Amino acid sequence: MKNKKTFLCASLIFMVSIFMNGCSSDTSRTEIATTTATTSTSTVIDTDENIQDLTTVPITTIDVQAPTETPPAPSSDPETEAAKKKVEEIINTSKYSVSLVSDSFMVDDVDYYVFAVTYHMNTIEPLVLVNKTNGSLYCISSDNKISSITEHDCYIAPVIEKVSFSGNYILEDTSGTPIASISINDSTTSSDKFNFTAYNYANTTVSNISGEATISSSYNYATFIGENDVNLSFSIEDNILTVSTTSSSEEAQAFIGNYSTTDAASISGKITSSKALETLLSISEERSGMSAPYKENYYFYISDENALVQNHLCFIINAYTSTENVLTLFRQYYVTTDGILVYYKSNSTYTQIYAKYDNNENNNVSNNDNNNVGGNDEEE
């Protein structure tokens, strides 16, 4: 195998030598041929006597060997051009050039493109290999050693733009029904971390996961390791957040999938935050606890974040009263993002005060419903 590699690399070096010196060799051979041909026809006959002798004197013919042709350059195609572009991405193309040496070079049953990086027609070793299967770049030296592309003297590390993970993301099933959502915010303690809260409202045994994820050096990948073998991996591309896990726990498995980015005010894609406030204001005074008229007696604040209440993703709406220009929190309400249910919270207990499809007047909840439900504790 070593002899095979030696022969292959020697062939490559020979091809590069021919590639760089072919033009000058052709010129010198042509000059030799022209000079020789001129010498063979330099005899001048200027007397009548010599004319008769010309018929009997054989004409000497000199066989001039044609110059050796330069081997044709390997054919160019979209795949080859794409491979060449990958090499150009890691060098200074304003100073160096990239030339294709071979479009098929086998090493240990792996097929490569071979390129030479040149400066004013001089090859700068080592040659560059591009794996034809996965596009990976390597160096190959004159003694057949394959090494990392970073060892090439012309290598420039590509500039990687940092991707922001911050935002709100939603995971939906094929019918458009929300399965889970993730809210991500930049960490205040470190630039290579972010805080996240993941809600699941399709799995009745899993509520939420929150924590701090660590961003990798490639900037578009992050990992979270929690308790009880719960781990999550995050990657983002074209505004799609992909969540995966190596954990077999149900808690981690509940959040895997491709999440699309969405506005926090309409995270389920069903209603907006303004519509959620309209839903709250449509509830009777008896059920909401607020005295009419609402718009004059109360001030409302809708949080940018969402909360999970009884496995339903909800808008958080705070109702304040004002006394001598001092705002006092009256009650915290939760409107589901599909606009179907409304709760209020008191002492860590959620009370359902509205159901869109309830037949009772003023959207009251029927007596058969369990209005006082111990729910997930949320921060006030």
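The following exchange asks how several descriptions of this predicted model follow from their cut-offs.

Reader: What makes a residue or a side-chain pair eligible for description here?

Author: Because the model is predicted, local features need pLDDT of at least 70 and side-chain atom pairs count only at pLDDT 80 or more, whereas totals for chains, interfaces and linings use all residues. Residues are numbered from 1 along each chain as its sequence is written, and side-chain values use heavy atoms, with hydrogens and water left out.

Reader: How many helices and strands does the chain have, and what counts as one?

Author: The chain comes to seven helices and 19 strands, where helices (H or I, at least four residues) and strands (E, at least two) are DSSP runs numbered from the N terminus. Of its 380 residues, 35% count as buried, a word that stands for under 20% relative accessible area, with exposed meaning over 50% and partly exposed the range in between (1.4 Å probe, protein chains only).

Reader: Why is strand β17 called largely enclosed?

Author: Five of the six residues of β17 (residues 341-346) are buried, and the strand is therefore largely enclosed by the rest of the structure.

Reader: How do you know that β17 pairs with β16 and with β18?

Author: Two strands pair if DSSP finds at least two bridges between them. Strand β16 (residues 326-336) and β17 are joined in the antiparallel sense over four bridges, and β17 and strand β18 (residues 349-355) are joined in the antiparallel sense over six, so both sets meet the requirement of at least two. In the first pairing Y333 has Y344 as its bridge partner, while in the second Y343 stands opposite Q352. Each pairing is also a hairpin: four residues lie between β16 and β17, with G339 in the turn at a positive phi of about 75 degrees, and two residues lie between β17 and β18, with N347 in the turn at a positive phi of about 55 degrees.

Reader: What makes the pair Y334 and Y350 edge-to-face?

Author: Rings of Phe, Tyr and Trp (its six-membered ring) pair if their centres lie within 6.5 Å, and planes under 30 degrees apart count as stacked, over 60 as edge-to-face and the rest as tilted. A search of the whole structure finds ten aromatic pairs. For Y334 and Y350 the centres are 5.3 Å apart and the planes stand at 80 degrees, so the pair is edge-to-face. The two rings link distant parts of the chain, Y334 being in strand β16 and Y350 in strand β18, 16 residues apart, and both residues are buried.

Reader: Why is the contact between K132 and D111 called a salt bridge?

Author: The term requires a side-chain nitrogen of Lys or Arg within 4 Å of a carboxyl oxygen of Asp or Glu, and for K132 and D111 the N to O distance is 3.3 Å. The pair links distant parts of the chain, with K132 in the loop between β3 (122-131) and β4 (137-140) and D111 in strand β2 (residues 110-119), 21 residues apart. K132 has 34% relative accessibility and counts as partly exposed, and D111, at 22%, is partly exposed as well.

Reader: How many salt bridges does this rule give, and which is the other?

Author: The count comes to two, and K275 with E278 makes a salt bridge whose closest N and O atoms are 3.7 Å apart. Because K275 and E278 are three residues apart in helix α5 (residues 273-281), they are separated by about one helical turn.

Reader: How do you know that K132 and R331 sit over rings?

Author: A charge sits over a ring if NZ of Lys or CZ of Arg is within 6 Å of the ring centre and within 35 degrees of the ring normal. The charged end of K132 lies over the ring of Y113 at 4.8 Å from its centre, and that of R331 lies over the ring of Y344 at 3.8 Å.

Reader: What makes T279 a buried residue, and which residues does T279 touch?

Author: T279 belongs to helix α5 and has 9% relative accessibility, so it counts as buried. Taking contact as heavy atoms within 4.5 Å, T279 touches V335, G339, V342 and Y354, residues up to four places away in sequence not being counted.
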